[in-house]
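Colleague: Got a minute to go through this one with me? I'll ask, you answer.

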Amino acid sequence: MPPRCVVKKFLARPQHEGLGAVVRRSIGRFELRYFDPFLVLDEFSVSAPAGFPDHPHRGFETVTYMLQGAMTHEDFEGHKGTIEAGDFQWMTAGRGIVHSEMPAAEGTQKGLQLWINLSSKHKLIQPRYQEIPSEDIAEVAKDGIKVRIIAGESLGAKSPIYTRTPTMYLDFTLKPGSHLQQPIPKSYNAFVYVLEGEGIFGPHESASVSAHNLLLLSGSGDGLEAWNKSTKPLRFILVGGEPLGEPVAQLGPFVMNTQQEIDQTVEDFDNYTNGFEKAKHWRSQARIGLDY
């Protein structure tokens, strides 16, 4: 069977988000509101004092993967930590989290944040974190290809991350002249996001694609094929997930199945109930600094 082909291509243009941060949003913008089960993909760039101060989430997971610099995360449960270049954090917001994400180093911090929807039966579970430092991420190099395995498996190696919504998340670097064949579970929706360089994805005769482009892959086909025919390294992520096939009701950082559930979430947040109790008296250290 031929490989999956590219059915849509989007160039992610910079826009402002949070407090002075710049993001290139590819999923979650008006042309592509949702790619089941993915809600948002942002490539972010932020320098202090800009950042993402105190804000809530409910009903989905966020995956933050640092490419450069470092970000400090802090939430109303007392969980705090810093993720540096190459590290990632898989946060299940579940029934509710209020947190901040702020620069922790000089210069510009860069990374990716992916929002993955949760099924109706998992939307109100207890929040949890899975954090993996760079040195503990499974990495394989073979035939001019290097892959870092955030979730799922590739080239015989597997990630220890538990994905409540079945997900694969692979960070590939292809040297000039190299060729990749990567299986994708048949039921998954999948996409490529190019970080550096340019490459050919899908059939061999396809046009080459450069950085900051999102490629939606067809639902049928035998995985992904990619070629680097340029003279510089090609780096991209391949992400796939099991579609949930459920209705989506979204109000900013709240993602449920019905408008009634969104109304209840807003009420819970405003009244500090049903998972948001600790938000009443909590302010992040970053927020306290901003208030002064």
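Colleague: Is Asn 257 buried or exposed?
Modeller: Keep in mind that this is a predicted model. Asn 257 sits in the loop between strand 26 (254-256) and helix 1 (259-271). Its relative accessible area is 11%, and the cut-off for that class is under 20%, so Asn 257 counts as buried.

Colleague: Which side chain does Asn 257 join in a polar contact?
Modeller: Leaving aside neighbours within four places in sequence, Asn 257 is in contact with Ser 120, Lys 123, Glu 246, Pro 247, Val 248 and Ala 249. From that list, a side-chain to side-chain polar contact of 3.2 Å picks out Glu 246.

Colleague: How far apart in space are Asn 257 and Leu 19?
Modeller: In sequence, Asn 257 and Leu 19 are 238 residues apart. Going C-alpha to C-alpha, the distance between Asn 257 and Leu 19 is 29 Å.

Colleague: Where does UniProt place the "binding site" feature, and what is the largest C-alpha distance within the set?
Modeller: The UniProt record, an unreviewed entry, puts the feature at His 55, His 57, His 99 and Glu 101. These are spread over 47 residues of sequence, yet they cluster in space. The largest C-alpha distance among them is 12.7 Å.

Colleague: Which of those residues does the lining of the largest pocket take in?
Modeller: The set from the UniProt record is His 55, His 57, His 99 and Glu 101. From this set, the lining of the largest pocket takes in His 55, His 57 and Glu 101.

Colleague: What does the side chain of His 55 reach at 2.7 Å?
Modeller: His 55 is in strand 5 (residues 52-57), and it counts as buried because its relative accessibility is 18%. Away from its sequence neighbours within four places, His 55 is in contact with Ile 97, Val 98, His 99, Ser 100 and Glu 101. The 2.7 Å partner of the His 55 side chain is the backbone oxygen of Pro 53.

Colleague: And what is the relative accessibility of His 99?
Modeller: His 99 is in strand 10 (residues 97-103). Beyond four places in sequence, its contacts include His 55, His 57, His 73, Glu 74, Met 91 and Trp 282. His 99 counts as buried, with a relative accessibility of 0%.

Colleague: What is the relative accessible area of Thr 62?
Modeller: Thr 62 lies in strand 6. Not counting residues up to four places away in sequence, Thr 62 touches His 57, Gln 89, Trp 90, Met 91, Gln 113, Leu 114 and Trp 115. Thr 62 is buried, and its relative accessible area is 1%.

Colleague: Which residues touch the most other members of the largest nonpolar core?
Modeller: Nonpolar side chains tend to be buried together in soluble globular proteins. Here the largest nonpolar core has 27 residues, and strands supplying at least two each include strand 4 (38-47), strand 9 (88-92) and strand 11 (108-117). A second, separate core of 25 residues includes Tyr 188, Val 192, Leu 234 and Leu 238. In the largest core, the residues touching the most other members are Phe 88, Leu 114, Tyr 169, Phe 191 and Leu 214.

Colleague: Which peptide bonds to Pro 37 and Pro 49 are cis, and what is omega for each?
Modeller: Most peptide bonds are trans. Pro 37 is in the loop between strand 3 (21-27) and strand 4, while Pro 49 is in the loop between strand 4 and strand 5. The bond from Asp 36 to Pro 37 is cis with omega near 10 degrees, and the bond from Ala 48 to Pro 49 is cis with omega near 5 degrees.

Colleague: What is the phi of Tyr 272?
Modeller: Most residues other than glycine have a negative phi. Tyr 272 lies in the loop between helix 1 and helix 2 (285-291) and is partly exposed, at 30% relative accessible area. Although Tyr 272 is not a glycine, its phi is positive, about 60 degrees.

Colleague: Last one: what radius of gyration does the chain have?
Modeller: The chain has two helices and 26 strands, and 53% of its 292 residues count as buried. With 292 residues, a compact globule would come out near 19 Å, so the chain agrees with that at 19 Å.

Note on methods:
Residues are numbered from 1 along each chain as its sequence is written. This is a predicted model: local features need pLDDT of at least 70, side-chain atom pairs count only at pLDDT 80 or more; totals for chains, interfaces and linings use all residues. Side-chain values use heavy atoms; hydrogens and water are left out. UniProt positions are given in the numbering used here, feature names are shortened, and annotations may be inferred rather than shown by experiment. On a 1 Å grid over the protein atoms alone, a cavity is a set of points where a 1.4 Å probe fits but cannot get out, and a pocket is an open set with protein on both sides within 12 Å along at least five of seven lines; lining residues have an atom within 4 Å of a point. Helices (H or I, at least four residues) and strands (E, at least two) are DSSP runs, numbered from the N terminus. Buried means under 20% relative accessible area, exposed over 50%, partly exposed in between (1.4 Å probe, protein chains only). Contact means heavy atoms within 4.5 Å. A polar contact is a pair of N or O atoms within 3.5 Å; within protein, one must be able to donate a hydrogen and the other to accept it, and residues adjacent in sequence count only if both atoms are side-chain atoms. A nonpolar core is a set of buried Ala, Val, Leu, Ile, Met, Phe, Trp, Tyr and Cys residues joined through side-chain atoms within 4.5 Å. The radius of gyration is taken over C-alpha atoms; the globule rule is 2.2 Å times the number of residues to the power 0.38.
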